[in-house]
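The following exercises invite the reader to examine a structure step by step. Each task is followed by a worked solution.

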Amino acid sequence: MNFTKNPPATGRHRAVGSVATKQRVGRGAVAVLGLTGIVMGVAAGAAPSAHASTAALTSASCTVVTIYKGSTGALVKTLQSRLRGLTADGVFGNLTLAKVKAFQKSHGLTVDGVVGPKTWTALGGFPGCTGGGSSTTVVTKQVVSGIDFLSVRTGPGTGYTRVAKLSPGTKVTGIINNGWLKITSGSYAGKYVSAAYLIDVPKVDPNPPVSTVKGWIATTGGITASVRSGPGFDYGVVAHKSSGAAVSGTQVSTDWVKISGGYINRGEIETTSATLTKVNAQIPTSQLCAVNKAYNSPNSFDPGYTVNTTRYINCSAGRALDSLQAAYKAKFGHYANIDLAYRDWAEQQYWYNKLGPAQANKPGTSNHGMGLAVDFQEWHGHTTEFDWGGVGSNWLRANGGKYGFTQPYAYGTTGESYHFNFTG
Ligand SMILES: [Zn+2]
């Protein structure tokens with residue numbers, strides 16, 4: 001673990017950065033990186049992106065296995081990892097049962113704790129049955145952000161003729177089988193779109209629970225939270241709330257709270273203490289959500305991270321991250337690898353002790369400690385993907401806001417090209 005440290009150029013950098021401003025050995029040719037960025041930026045902008053029309057999904061027809069309390073094995077592990085916040089031990093016990101019921105409730109399914117075809121579909125599909133297996137369930141989905149268009153075809157495969165292009169955000173209704181949605185209503189009824197580029201329509205409960213949320217803006221280090229004109233990332237940002245500002249409102253869906261002047265993501269509101277330093281880096285992992293390990297960076301690094309380490313994140317931020325990752329994968333064919341998300345006190349102390357105050361945030365002062373920041377892959381097994389000008393960093397800067405993730409640093413500065421805050 002060798003790395004040199006570049007002193008932060010400004011106080012701002014330290015205030016909003018991660019605990020450790022890690023730099024690769026030899027990195028420091030900022031001007032060269034900046035130039036590379038310009039060249040790559042042009043190339044990326046000029047490249048046609050036909051990813052949406054080239055999805056090739058294959059799947060044999062398959063039988064969905066129903067599992068329930070008492071079930072054990074690999075399927076249960078898959079279930080547990082998809083539900084988040086559970087240890088994937090392969091044993092369907094009371095904790096798993098409670099999570100399944102909560103999931104069913106939040107997805108408008110029958111709350112019976114039994115994971116059958118409909119619940120598997122809502123969970124992203126039965127393993128091996130891309131798109132959820134043989135289904136007759138009519139669903140409404142929307143085209144994921146971050147692609148240019150989604151092709152409407154005459155049949156369920158990329159070999160069929162394209163008859164139309166759907167813009168991101170377009171809603172489609174139909175039946176998903178083997179990775180393709182057959183449209184059942186509207187002007188394209190009978191035609192097909194790839195289900196790989198469809199996500200759940202952000203939900204606004206028509207009969208929202210009247211629950212009041214009172215708290216304080218959870219972002220720290222001068223980072224503001226976004227206030228949007230509606231309850232979802234599709235709505236524009238109309239205002240910002242300062243770190244620590246008192247907010248109160250009514251929860252209208254799992255992730256959105258109506259406040260005076262607009263809507264704010266639930267993940268931006270800390271409800272246990274007005275003193276954020278009493279919360280920062282001291283959040284029990286039971287109150288956070290596990291990050292899908294499929295996003296983990298492949299390499300090991302201090303203190304003790306491996307490809308199998310469970311990362312944690314604020315649950316609302318985690319759901320937004322899942323949508324971001326779906327779009328990223330649609331664009332690039334792989335997830336945006338993650339080094340770090342939530343950092344606890346011990347980890348922050350580790351870096352502070354190791355690097356000192358000039359390079360590491362004091363424990364309790366980073367957005368990582370609130371579960372509201374993500375470091376995408378940096379210098380381990382290094383690629384240029386998330387450097388300034390890298391295709392990943394560029395895409396995240398351009399599209400992260402559609403999922404509530406924003407970068408605090410100006411392009412090409414000594415700030416971290418791979419660090420994004422969840423600002424709602
Ligand atoms: Zn960071």
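**Exercise 1.** Leaving aside its neighbours within four places in sequence, with which residues is Glu268 in contact?

*Solution.* The structure is a predicted model, in which local features need pLDDT of at least 70 and side-chain atom pairs count only at pLDDT 80 or more, while totals for chains, interfaces and linings use all residues. Residues are numbered from 1 along each chain as its sequence is written.

Step 1: locate the residue. Glu268 lies in the loop between β13 (262-265) and β14 (269-270); strands (E, at least two residues) and helices (H or I, at least four) are DSSP runs, numbered from the N terminus.

Step 2: apply the contact criterion, namely C-beta atoms, placed from the backbone, within 7 Å. The partners of Glu268 are Ile217, Ala218, Thr219, Ala225 and Gly424.

Step 3: assess burial. A residue is buried if 20 or more other C-beta atoms lie within 10 Å of its own, exposed if 12 or fewer, and partly exposed in between. Glu268 counts as buried because it has 30 C-beta neighbours inside 10 Å.

**Exercise 2.** Determine which residues of helix α7 (residues 345-355) are buried and how they are arranged.

*Solution.* Step 1: list the buried residues of α7, which are Glu347, Gln348, Trp351 and Tyr352.

Step 2: consider their directions from the helix axis to the C-beta atoms, which define the arc. These residues lie on the same side of α7 because their arc around the axis is only 135 degrees.

Step 3: turn to the face directed away from the buried side, where the exposed residues Ala346 and Asn353 are found.

Step 4: inspect the end of the helix. Gly356, just after α7, takes a positive phi of about 85 degrees.

**Exercise 3.** Describe the open sheet that contains β17 and identify the strands at its edges.

*Solution.* Step 1: establish the order. The sheet has 4 strands, arranged β17-β18-β20-β19 with antiparallel pairing; two strands pair if DSSP finds at least two bridges between them.

Step 2: find the edges. β17 (338-340) and β19 (405-406) each have a single partner strand, so one side of each is left without a neighbour in the sheet.

Step 3: examine one pairing. β17 and β18 (residues 373-376) are joined in the antiparallel sense over 2 bridges, and Leu340 has Asp375 as its bridge partner in β18.

**Exercise 4.** What is the mean pLDDT of the protein chain?

*Solution.* pLDDT is the predictor's confidence in each residue, from 0 to 100. Its mean for the protein chain is 80, and 80% of the residues reach 70 or more. Over residues 1-61, however, the pLDDT is below 50.

Technical notes: Two residues are in contact if their C-beta atoms, placed from the backbone, lie within 7 Å.
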